[in-house]
Structures are given as structure tokens and as C-alpha cells.
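Subject: Handover of a structure, with notes

Dear colleague,

Please find below the sequence and the structure that I am handing over to you. My notes on what was found follow directly after.

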Amino acid sequence: MDNFADIRPYRDDEVAPVLGKLLNDRELLDTMAGLRAPRLQRWFPKLVRPLVRHVLKRQLKGVATVRQFQQIVKLYMDEMIETTTTRFTVSGLENLSLERPWLLISNHRDIALDPAFVNYALYHNGGDTVRIAIGDNLLSKPFAADLMRLNKSFIVRRSAKGPRQMLAAYKTLSSYIRHSLTEEQATIWLAQREGRAKDGIDVTEPAIIKMLCMSQKKSEEAFGDFIKTLGIVPVAISYEWDPCDAAKARELALREQDGAYEKAEFEDLQSIAMGIRGQKGRVHVHFGEPLQQDFTTPNEVAVAIDRQIVQEYRLQPSNIWAYEQQTGRDDWQQLPDDVLTELGPMNSDSKAAFQARLAGIPEAHRSKALAIYANPVIAKLSLRAAETG
């Protein structure tokens, strides 16, 4: 029996039928047209749709496996990196064996880009791509769910209603993750929390660790031994520019003002598109050290993940300029050397670029945008203070 059929990625024998369905999906064709030729799509949708279908059909000709589909995704990824990043760097992979599976738990800033950059780093260093955990709240469109599952994503049932349904959904999820790691030898990507860190504060939810532990055989495995078998590797991803910074700042400001924030329909899909198209500047991905301590509680595991992510997060000039402006300081050179690791150019040009970025955000939301960029510096300084006493 296929116990995970409802949540797992598609298998090779399912690729051709799913692609055939997608090529006739009107919403997908309109969405692709809007991304590639927005003006034509706005004025001549009926004309553009068959053209998009023709292009997609030609690109997907002969694609019959997940790997072949991901080769197509790679072409778009290459183009995205070429046009929206000024530099992409990776560290830490030299300390990991790519011959075995890992459970990569990363900070979460962008819905699609975080796992995409992790995949890009692994692929170009001889590793396999990951299976990606994605919430069903992002799959409001059927074509989105199909595309994600073709790209090795598996579904987190966040929409489950009631305690029993939620418990069953998370038990299945936990079992699937362990099955992927131990039986299918597949590396998993998992965000450290549900939802993006919109305020720039990267903190692991212990509930994520508790969910993983639902597949622990408590009568046979001690907690610490179980955590070691998972092969948890913290991953720190940093962007010089967050393509969704203005939208995040707006949400944070409205949430503070009104006490709540109601997402518009398909807002998450719009965020995905904004993240892909927006300028990101310098991007860095750091793969940490596998967690091998003798842990006794989920909280201890979460703290250990946080420590590595904060410590290895690569600060960008935008972070430092934001910190200076937020604190009213003018002495970034006095920050500890281990905080200012491999910064980009700290000069008048990068400062002017940051000021221009901030000026493009409505004044009422600007303080929230400032905090998005400043908080990683504050987190590093706080961690350093805690460890040095």
C-alpha cells in the first residue's frame, strides 16, 4: 500500500500524465503568460495562451522522469540567479558527505527561494536535490500542487481541522520524513518554523522537533539516539535584499495596528512570484554541522539549530546599515570581527543603495522594514554576549 500517496512527491511513472494535464490547464497557462509577457497577457489573453502552451510543450518534450523535469526547472533557476542576484556563494558543504541523506533544517525567509537555493548549491556540488516540505496553504491552485509535487515537494497538511485530524496529519508527515531518510535515502528540506520569518528573527519552533519525534519508537529508541539517526543539519540562508521586504513590512505594521492581518486570496502565490522576480543582490547558503549531541528534549534541539543558524548567517551590508540607522550608531567598524564575517562592500554606494531601498517603502511601514534587516545583527550580538558571558 502507498501510505503516503496524498502527500508524497510524484514518482517517475506519474510525470507524463501530470504534465499532460498541466499543458491543458488554463490557469497555469495564464499565470505563465503573466510572468513572461504581462502586457500581452493583459490585452490579448486568448492569443497568448496557445503560444505559451506551444513553448511549454516544446520545452517538456521527452520529459518522463522527475530528474528530467528538474533539469527544466534548473534552466529557470539559472536564469533567475543570473538576472536577480549579484553573487551566489556556498560554505560548509565540504564538511558533509553527499553520499548519505540529511535532514536540512533552515531559516525561512522566502517561500520558494530558500529550498531552491539549497537545491542549486547541492546540485552544483555533486549532490542530489532535496524533498521539500511545503504547506497546503500554498497549494490553493491545483496546478501549483502538481508543479510542486513534480519538483519533489511533499505536502504538510496545515489545513487539517480539529485535534484528531491534526494529530493524524502530523503523524503521517513524521512517518513520511523518517521513511524518506531511512528507507529511500532521500535528503529532506524543512523550514525551522511554520511560515516565513517576516521580522528577520530566525527561531526554530520546538513543535517542529516534536512532530519529527512522532515517528520515534519510544520503546526501542532513546530520544537522543533518535535525533542522531535523523542527521539534522542546520542551514543558514541570507539575502542582501529581500524581494518581499515591503510586503512583509506592510503586514507587520497592519498586524501591529489592527491586531490581526487577513491575507488576500492567492497572496502566497503572489509572494512566490515576487520572490522569484525581485532583486536579491548577494545570496549566501551555509550548511552547518550535523547535530550529534546527546539531547534530552525538543527544546534543546531547537536551541542547537538556532545557535548554528545565527552564528553562520552571513551578514550583508544592508544588515549593517539597517542596524546603524535603527540604533543611531555610526561605528559599524567597532562591531566584533566574528560578527562582520566576509561582508560585502561597506561603502557609500552600498549605503546609498540601502537608503534608496528604504525610501521606496511607505513611511508608515519603514520602521518594520528597518527591523527586518537589522534583526540578524542583533541576533548575532546577543548570541555572542550569551556565549562570552
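The enclosed cavity is a convenient place to begin. Its lining is made up of Arg109, Tyr239, Trp241, Asp242, Tyr313, Asn319, Ile372, Tyr373 and Pro376. Please bear in mind throughout that this is a predicted model. The structure holds 1 cavity of 30 Å³ or more, and the volume of the largest cavity is about 70 Å³. By character, the lining residues of the largest cavity comprise 6 nonpolar, 1 polar and 2 charged. Helix α16, which spans residues 366–388, gives the most to this lining, with 3 residues.

Two of the elements involved deserve a closer description. Helix α14 covers residues 317–327 and is mostly covered, as 8 of its 11 residues are buried. These buried residues are Pro317, Ser318, Asn319, Ile320, Trp321, Ala322, Tyr323 and Glu324. Asn319 thus appears both among the buried residues of α14 and in the lining of the largest cavity. The buried residues of α14 pack against α15 (348–359) and α16. After α14 comes Gly328, which has a positive phi, near 75°.

Helix α16 also contains Glu387. With a relative accessible area of 41%, Glu387 is partly exposed. Apart from neighbours within four places in sequence, Glu387 is in contact with Arg307 and Gln311. Glu387 and Lys368 are 19 residues apart along the chain, and their C-alpha atoms are separated by 28 Å.

I turn next to the aromatic residues. The structure holds 8 aromatic pairs. In one of these, formed by Phe4 and Tyr176, the ring centres are 5.2 Å apart and the planes stand at 65°, so the pair is edge-to-face. Phe4 belongs to the segment before α1 (12–22), whereas Tyr176 belongs to helix α8 (residues 162–182), so this pair ties together parts that are 172 residues apart in sequence. Phe4 is buried, at a relative accessible area of 15%, and Tyr176 is likewise buried, at 2%.

Ring pairs also link Phe88, Phe117, Tyr120 and Tyr239 into a cluster. Tyr239 was named above as part of the lining of the largest cavity, and it therefore connects two of the features in these notes.

Charged groups are also placed over rings. Arg100 lies over the face of Trp102, at 3.8 Å from the ring centre. Similarly, the ring of Tyr10 has the charged end of Arg149 over it, 4.6 Å from its centre.

Finally, I would draw your attention to Ser106 in strand β2, which runs over residues 103–106. Is Ser106 buried or exposed? Its relative accessibility is 0%, so Ser106 counts as buried. Which residues is Ser106 in contact with, leaving aside its neighbours within four places in sequence? They are Trp189, Leu190, Ala191, Gln192, Val235, Ile237 and Ile309.

I hope that these notes help you to find your way around the model.

With kind regards

Methods: Residues are numbered from 1 along each chain as its sequence is written. This is a predicted model: local features need pLDDT of at least 70, side-chain atom pairs count only at pLDDT 80 or more; totals for chains, interfaces and linings use all residues. Side-chain values use heavy atoms; hydrogens and water are left out. Helices (H or I, at least four residues) and strands (E, at least two) are DSSP runs, numbered from the N terminus. Buried means under 20% relative accessible area, exposed over 50%, partly exposed in between (1.4 Å probe, protein chains only). Contact means heavy atoms within 4.5 Å. On a 1 Å grid over the protein atoms alone, a cavity is a set of points where a 1.4 Å probe fits but cannot get out, and a pocket is an open set with protein on both sides within 12 Å along at least five of seven lines; lining residues have an atom within 4 Å of a point. Grid points are joined across faces, edges and corners, and a volume is the space filled by probe spheres set on the points. Ala, Val, Leu, Ile, Met, Phe, Trp, Tyr, Cys and Pro count as nonpolar, Asp, Glu, Lys and Arg as charged, and the others, Gly among them, as polar. Rings of Phe, Tyr and Trp (its six-membered ring) pair if their centres lie within 6.5 Å; planes under 30 degrees apart count as stacked, over 60 as edge-to-face and the rest as tilted. A charge sits over a ring if NZ of Lys or CZ of Arg is within 6 Å of the ring centre and within 35 degrees of the ring normal.
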